[in-house]
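Trainee: I have a structure to go through and I don't know where to begin. Can we take it piece by piece?
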Amino acid sequence: MEQALLIVLTLAACVIVARLVLKKINPIFVFLIAGIVIIVLASFLTGTSALGEEGSGNYVVDAFAYITTSLKTNVAGVGAIIMTVTGYGAYMNHIKASKKLAYLAVKPLRAIKNKYLVLAGMYVIGMLLKLVITSQAGLAVLLLGTTFPIMLALGVHPLIAASTMCLICIDWGPNDGSTIFAAETSGMPVVQFFTDHQFIVVACIIVVLAIMIPFYYKWIAEKEGLDEAELEEQTEVDDVDCPGYYVLFPLIPLALVLVFAIWPIVPMDVITACFISIVIVAVVELIRRPNKLDVTGDIKVVFRSMADAFSNIVSIIISASVFAQGIKMLGGVSIIADMISTMQGASVLTLVLMSLITFAAAMIMGSGAASLYAFGPLVPEMAAKLGIATTSIMVPMEIGTALGRSLSPVAGAVIAVSGYAKVDLMKVIKINMVPLGLAMILNLAVSVVTGGLV
């Protein structure tokens, strides 16, 4: 009876939180307040403090003290990495290196005359750029300025162009915040998580979707009567006023992390790589630009963006971790995991369920990060009960949140792309249900195989 009550309370808590987020209440506020309430309730039900043996004896105080613990842990750990990577990305955008990279990367597309092959090429290039320009919305804005005119000039309908652009969504690579969080939760270096577990899954999705895109979107265009879009006059996409070698600057942190992971002459973490890169770029800027004071002032861009990252991303991690702690303390997840572990195919079932839960949550919230940060901390305990590696579940969950985000009507990238193209946002989502649904199936299937669950 007690176990049934804990399961009901756990499910009720998740449903209530989901409904509040659907009502557009700030998820940071929802996760934080819900987490405190659940922790206090769980403490009285189970007689366990959120701080364990270090508890004060007052369950209410301990619930608030857990926020302090989460703040210290996350800001010093994954939060610092995400803030630094975001700051470096903002610096690259400020000096126009990111736009230069996007401009030159899509240049080969102008030589392709088949408009549907251009769509496939744009998708592949966009996914490669996603390794260094980690924000989906940020990359979308860059691609809108560089590839959108090319596609329109070839006669691609704006709805088809916008839909394809929204497929460029998977968060991957050692610079990405969600990947960093998933690696930390899995207890392994982010480069190892990327190369040994994440890469093969994402690569399979990219290859299959790149093959599918020309056929699928041609069929959609013919079916919807969009294939007769008038060719617009060829417009020359404006280049960026910075040297060509600036395209290398966004790649420096990734290169440093990967090189020193392969040849570990000295330890090289993501934060160190980013600050080394900032100094290298600043030195080049000081040499190239006549106004030295402006160059020195650019460092404010980095730290201002880091502050924004704390406000928009790290705060979600902290509040979501409080919510996750409350859910763990209620024990419903552990009880369900124990029940599932005795079933045949329990590991595969858990992988699929957790991935679909975060996929759906991302669709609701419009944020892959919020979904992953809320449910990701539950995975290590579940994986341990099932006797499998945490990565077996974390990889498809992390990828699933990104796919779900691109089917959300409140996702920033989807809103930005649809608005720029002047097309109906819901039509974009409807068209992309098939390719993103296929991507999710591939995500689950490849993860099951590479995770050694079959």
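Mentor: Start with helix H2, and keep in mind that the model is predicted. In H2, the buried residues are Val-30, Phe-31, Ala-34, Gly-35, Ile-36, Ile-38, Ile-39, Val-40, Ala-42 and Ser-43.

Trainee: What do the buried residues of H2 pack against?
Mentor: Five helices: H1 (2-22), H3 (59-76), H15 (299-330), H17 (346-365) and H18 (368-375).

Trainee: And how far apart are the end C-alpha atoms of H2?
Mentor: They are 27 Å apart. H2 has 20 residues (27-46), so at 1.5 Å a residue it should span 28 Å, and the two values agree.

Trainee: New topic. How many salt bridges does the structure hold?
Mentor: Seven. One of them joins the side chains of Asp-171 and Arg-405, with N to O at 3.0 Å.

Trainee: Where in the chain do Asp-171 and Arg-405 sit?
Mentor: In distant parts, 234 residues apart. Asp-171 is in the loop between helix H9 (158-165) and helix H10 (177-186), while Arg-405 belongs to helix H20 (residues 390-405).

Trainee: Are Asp-171 and Arg-405 buried or exposed?
Mentor: Both Asp-171 and Arg-405 are buried.

Trainee: Which residues are linked in a network of salt bridges?
Mentor: Glu-285, Arg-288, Arg-289 and Asp-298. Within it, Glu-285 pairs with Arg-289, the closest N and O atoms being 2.5 Å apart. Glu-285 also forms a salt bridge with Arg-288, where the closest N and O atoms are 3.8 Å apart.

Trainee: How are Arg-288 and Glu-285 placed in helix H13?
Mentor: They are three residues apart in H13 (residues 270-288), so about one helical turn separates them. As a general point, an α-helix has 3.6 residues a turn, so residues three or four places apart point the same way.

Trainee: Why does Arg-288 count as partly exposed?
Mentor: Because its relative accessibility is 35%, and the partly exposed class lies between the cut-offs of 20% and 50%. Glu-285 counts as buried because its value is 1%. Arg-289 is buried as well.

Trainee: Back to H9. At what angle do the axes of H9 and helix H11 cross?
Mentor: At roughly 145°, and the axes come within 10 Å. The crossing of H9 and H11 is right-handed.

Trainee: Which residues make the contact?
Mentor: H9 supplies Ile-160, Ser-163 and Thr-164, and H11 supplies Ile-213, Tyr-217, Ile-220 and Ala-221. By class, five residues in the contact of H9 with H11 are nonpolar, two are polar and none is charged.

How values were computed: Residues numbered from 1 in each chain as written. Predicted model: local features only at pLDDT ≥ 70, side-chain atom pairs only at ≥ 80, totals over all residues. Heavy atoms only, no water. Salt bridge = Lys/Arg side-chain N within 4 Å of Asp/Glu carboxyl O. Helix = DSSP H or I, 4+ residues; strand = E, 2+ residues; numbered from the N terminus. Buried < 20%, exposed > 50% of the residue type's maximum accessible area, 1.4 Å probe, protein only. Axes fitted to C-alpha atoms, helices over the stretch in contact; angles between N-to-C directions. Left-handed = near helix turned anticlockwise from the far one by under 90°. Contact = heavy atoms within 4.5 Å. Nonpolar A, V, L, I, M, F, W, Y, C, P; charged D, E, K, R; others polar. Expected span 1.5 Å × (residues − 1).
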